[in-house]
Amino acid sequence: MTQIPPSLPLRALFDAQYNASRAQVGVPLALRRDRLARLRALIDSHAPALAEAVEADFGVRSPQLTEAADLFVLRAGMAQLHKHLPGWMKPQRVATPLYLQPARAHIQRQPLGVVGVIGPWNYPLQLTFGPAATALAAGNRVMLKPSELTPHTSALMATLVQQAFAADEFSVVLGGPDVAQDFSRLPFDHLFFTGSTQVGRQVAAAAAANLTPTTLELGGKSPCVIDASCDLNDAAVKIAHGKLLNAGQTCIAPDYVLLPRDREAEFERAYTAAVARLFPRIAGNPDYAAIVSERHQARLVALLDEAQAGGARVVNVAPPGGTSGGARQMNPVLVFDAAPGLRLMGEEIFGPILPVVAYDGIDDAIAFINLRPRPLALYWFGSDTAARDRLLNRTVSGGVTVNDTLMHIAHEGLPFGGVGESGWGSYHGEAGFLRFTQQKPVLVQSRWAMGQLFYPPYGARFQRVMGLLKRWL
Ligand code: NAD
């Protein structure tokens, strides 16, 4: 497990990157674009092999899903970086207030230095190469530690990156939690972590010892609110898609549904039909991903067992005949009347289980959300825009999609990230570029500076100028 390519030990690799970043502080546009182009070429020329590796890691995970949710998203993000880089790199002119005239001011955007990226297994290409590409575009050196739970994918990424990049430019470090811990203790200029809230806490603590700033892209329970004004047949397809993409192993998957109390039976029917439409069978369906490991599957089964023992009604919504076989393809289920104290209602589910919570009035739904940690995503379905605004104005979440699920992550113009226990800091687009950039304010003084009027000795002139300024401001 503990294997660190290239042949440099972890600390030596960091030192090489660190020294290179200090030797070349300014990183020109051409070099940034060249690094992006090399990463893009690596992805394009090895896309089938990368998708095969992801499939081998999951057991079942369609290459089309990897093409859409990993590679397409990566390409879109990198195309945007390539296009906007010249504008984003430029010094930003800032207007100067009267009392500092005739000085001039601007913000110089500089690389931070060495960025560490720790990634999860669920979208193992998008969530590793994505932040790495953004950090490279911002002129940084990057060390990337992908997940040990996708060993084929991570090993292939390491080999390909080693072929295309110098070790002090961009490197992949392989290993499990032991290596990850050592990795998170390196004095990076920024550490970007995507994973669970529990591990995120440990990463933040390790980084704090070095005063390394972090971005934490974590998980949580993302609510999906169905308004009384909602067309359930349309919503159910979009909810089933968001929930069952990658078999629920998606950080922003709707974790549970909140719906008006009298619409539970209607939702059960609509969701069952939606599942059958998207996945006519479960077992042996190449479009329906497997749960990543036996351990993860056992946890999901335990959540369901506990819910059932606690009096919840568990409804298997797999199409008839499509019972789960081997390969860890777990049947989608709805869970009604789950007691709030159940693990199912406290832990992020990360699987194809969808609890349905009935509410009496929209204020109850808002209170339910606000009693819990702030979620990574929130979904709202309906046509009553006043009800929508009421909910959006009274809840805080990392992001929102209205009348669909997941899609806000695909909009490169929107910053993506969590809030509170679902993380801090955001990326994608310019927000991502700035995440990995030092925004250095520069004031260029003129020979005659208004500030000289404030120098001591403080006398009548000082009083006069201050009096004028007080009246002006
Ligand atoms: P995880 O936290 O178990 O592991 C993530 C990474 O952290 C892995 O590379 C692992 O090796 C490393 N790691 C493990 N222990 C560590 C330690 N002590 N110190 C430093 N690093 C350590 O998460 P996971 O199971 O790979 O991913 C699932 C979780 O990630 C879910 O909670 C999901 O919601 C979240 N997630 C969030 C986003 C997002 O963008 N917000 C995206 C995908 C997944």
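Trainee: Where does Pro457 lie in this predicted model?

Mentor: Pro457 is found in the loop between strand 18 (437-444) and helix 16 (460-472).

Trainee: What makes the bond joining Pro456 and Pro457 a cis peptide bond?

Mentor: Its omega is about 0 degrees, and the bond is therefore called cis. Gln101 to Pro102 is also a cis peptide bond, with omega near 0 degrees. Pro102 sits in the loop between strand 1 (92-94) and strand 2 (104-111).

Trainee: What makes the phi of Asn246 worth noting?

Mentor: Phi of Asn246 is near 60 degrees, a positive value in a residue other than glycine. Most residues other than glycine have a negative phi. Asn246 belongs to the loop between helix 9 (232-244) and strand 9 (254-260).

Trainee: Let us turn to the ligand. Why is the ligand said to lie between domain 1 and domain 2?

Mentor: Domain 1 (10-218 + 425-438) and domain 2 (223-417) both give residues to the shell around the ligand, so the ligand lies between them.

Trainee: Which residues come nearest to the ligand?

Mentor: Of the 29 residues around the ligand, Gly119, Glu148, Ser196, Leu218 and Glu348 come nearest. By class, the shell comprises 15 nonpolar, ten polar and four charged residues.

Trainee: Which element supplies the largest share of that shell?

Mentor: Helix 7 does, with four residues. Helix 7 (177-184), strand 6 (190-194) and helix 8 (197-209) each contribute at least two residues to the shell.

Trainee: What makes the pair formed by the side chain of Glu348 and an oxygen atom of the ligand a polar contact?

Mentor: The cut-off is a pair of N or O atoms within 3.5 Å. An N or O atom in the side chain of Glu348 is 2.5 Å from an oxygen atom of the ligand, so the pair qualifies. The side chain of Lys145 likewise has an N or O atom 2.8 Å from a ligand oxygen atom. At Gly195 a polar backbone atom is involved, 3.2 Å from an oxygen atom of the ligand.

Trainee: How much of the accessible area of the ligand does the protein cover?

Mentor: The protein covers 92% of the 850 Å² of accessible area that the ligand has on its own.

Trainee: Which pocket does the ligand take up?

Mentor: The space taken by the ligand is the largest pocket.

Note on methods: Residues are numbered from 1 along each chain as its sequence is written. This is a predicted model: local features need pLDDT of at least 70, side-chain atom pairs count only at pLDDT 80 or more; totals for chains, interfaces and linings use all residues. Side-chain values use heavy atoms; hydrogens and water are left out. A residue is near a molecule or strand if one of its heavy atoms lies within 4 Å of it. A polar contact is a pair of N or O atoms within 3.5 Å; within protein, one must be able to donate a hydrogen and the other to accept it, and residues adjacent in sequence count only if both atoms are side-chain atoms. Accessible areas come from the Shrake-Rupley method with a 1.4 Å probe; for residues, only the protein chains shown count as cover. On a 1 Å grid over the protein atoms alone, a cavity is a set of points where a 1.4 Å probe fits but cannot get out, and a pocket is an open set with protein on both sides within 12 Å along at least five of seven lines; lining residues have an atom within 4 Å of a point. A molecule sits in a cavity or pocket if more than half of its atoms lie within 2 Å of its grid points. Ala, Val, Leu, Ile, Met, Phe, Trp, Tyr, Cys and Pro count as nonpolar, Asp, Glu, Lys and Arg as charged, and the others, Gly among them, as polar. Domain bounds come from an automatic or database domain assignment.
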